[in-house]
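Student: Please take a close look at one part of this structure, a pair of packed helices, and then say how that part relates to the rest.

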Amino acid sequence: MSVDLATVKRVARLARIAVTEEDANRMVGELNGILGFVEQLSEVDVTGVEPMTSVTPMEMRKRQDEVTDGDKAADIVANAPATDYNFFLVPKVVE
Amino acid sequence: MTELTSLTIAEAREKLKAREFTSVELTKAYLDAIDAANGVLNAYIAVTPEKALDMAKASDERRAAGKVGALEGIPLGIKDLFATRDVHTQACSHILDGFKPKYESTVTQNLWDDGAVMLGKLNMDEFAMGSSNETSHYGAVINPWKAEGSNQQLVPGGSSGGSASAVAAHLCAGATATDTGGSIRQPAAFTGTVGIKPTYGRCSRWGTVAFASSLDQAGPIARDVRDAAIMLKSMASVDLKDTTSVDLPVPDYEASLGQSVKGMKIGIPKEYRIDGMPEEIEKLWQQGIAWLKDAGAEIVDITLPHTKYALPAYYIVAPAEASSNLARYDGVRYGLRVDGKDIVDMYEKTRAAGFGTEVKRRIMIGTYVLSAGYYDAYYLQAQKVRTLIKRDFEIVFDAGVDAILTPATPSSAFGVADEALASDPVKMYLNDIFTVTVNMAGLPGIAVPAGLDAKGLPLGLQLIGKPFEEETLFRTAHVIEQAAGRFTPAKWW
């Protein structure tokens, strides 16, 4: 499988990365190089093989569903580019 | 008197104990060494002298009060991937500009709890994506090693290039690092240092910037096997904050050094003998085999038939996980923001400006292989191949093999701004061909220096072990180290 310019632009949109025409053109070649490299996986017979979901055959640890941490609003917004009253500020999303 | 910075962790530990010098004196010696070297090597991207001296002073006070931790007073460098409270933590990316977390990663907290001192944050490939440390927003790191008779600057490998360079150049006593596909072991091999990627789940991932969550593991880069054992003992823990942290006590790794490898079965996988591999690497491998045989180990030929599929499977799984993990960088909660005409425009412009070329490439690949219609062909197939890669190892270990010996890298360190590698991403990816299988199977792997090539550059061997049998790796690596000796670059910086 290989990608064309339209696919690269669609994927960039899905990934929320703005690309110029020049970027997109360069990426077509690079992505096809990588996709060509991974293509060899299709020759592996995986009949009856389960996909790996975890490298360690251990059950994931669970805990009681209770509050163990919090009350750190100032810490949470401390690194944000724009905040007001402990809210993150973003451009208007509703007219 | 010997230069304080030339001491290993184990040596400094004894001399601090004997009160030959204080942690403040040792820390000052390292800060001076960093001052003199960093303009050239670019190993540190943030030095924290005040914090270092405060921590050293507190350590000296603890020692005076009789409270001595396992790393008491030892100055360390920390890879920029680990969250350190109120200190530069950016995974060497532009998109995390100005980020200073309000929390501490579990791994670094463990080190401070054991008395260690932080010298600063170390350079790395952006988001740990790279094999040469050239994708860092803060510029390339320079390897303290140079080829004989050459002035060409070489890369220290990556992604933990700052860690490896700093340890090799004696700009810290030891360093933290992380390994997703070879990022501890390849730079260790390129700089004549020791690096271990422990079993997945051994070190907590809490507070470590995520790249590919099913593959990422922290580990140390150190000057010798003993120091790596000392550091891993402190870094590893059982952590309730990381659900993949394994509930097993951390052994005393140092105690396994000096134990015999007599009767141990060492597997030699034929699939690691690849086309175009330099003669010197093959020679080094044979030398390693001979050393272990001399020490009484039994050498057995083994087969790991799916080895060649590990790297292509990795370049589906790792980018897929990365595209998901890196979705959080959107200019809202931390780091860089580039304003746009609406919120989506802001996201797209922020991510376009904030991520470097290699990171964008991997996010794009990951997004593509996870997108509707391609998931089964790429991602699901890769996860099935991953099961087969792990099964290869299980079969070999079930047959009685205790550890596997391979080369660590297919070459010694290459030049900065190598054109052939820069123009072909896949060629750069091939650097991890011997290391990536270990991440795919979640196993422990150690890189130990084993010799110099004809150009006088260090080469390493890799030992791969069973899950949570890091002790076997330390024991065996120590035998190789005893035979090979240690390698230190001649100072030119």
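Tutor: Angles of 65 to 115 degrees between helix axes count as roughly perpendicular. In this predicted model, helix 1 (residues 5-14) of chain A packs against helix 2 (residues 21-38) of chain A at an angle of about 100°, and the two axes are 9 Å apart. Helix 1 of chain A and helix 2 of chain A are therefore roughly perpendicular to each other.

From helix 1 of chain A, the contact is made by Leu5(A), Val8(A), Lys9(A) and Ala12(A). Helix 2 of chain A contributes Ala24(A), Asn25(A), Met27(A), Val28(A) and Leu31(A). An α-helix has 3.6 residues a turn, so residues three or four places apart point the same way. By class, the residues of this contact divide into seven nonpolar, one polar and one charged.

Both helices also take part in the contact between the chains. That contact takes 39 residues from chain A and 53 residues from chain B. On the side of chain A that touches chain B, the elements that give two or more residues are helix 1 and helix 2 of chain A. Helix 2 of chain A gives the most to this side, with seven residues. The side of chain A that touches chain B has 29 nonpolar, five polar and five charged residues.

In chain B, helix 9 (residues 310-325) has 16 residues. Helix 9 of chain B reaches 22 Å from its first C-alpha to its last, close to the 22 Å expected at 1.5 Å a residue. Of its 16 residues, 14 are buried, so helix 9 of chain B is largely enclosed by the rest of the structure.

Terms used. Residues numbered from 1 in each chain as written. Chains lettered and ligands numbered in written order. Predicted model: local features only at pLDDT ≥ 70, side-chain atom pairs only at ≥ 80, totals over all residues. Axes fitted to C-alpha atoms, helices over the stretch in contact; angles between N-to-C directions. Helix = DSSP H or I, 4+ residues; strand = E, 2+ residues; numbered from the N terminus. Parallel < 35°, antiparallel > 145°, perpendicular 65-115°, else oblique. Contact = placed C-beta atoms within 7 Å. Nonpolar A, V, L, I, M, F, W, Y, C, P; charged D, E, K, R; others polar. Expected span 1.5 Å × (residues − 1). Buried ≥ 20, exposed ≤ 12 C-beta atoms within 10 Å, placed from the backbone.
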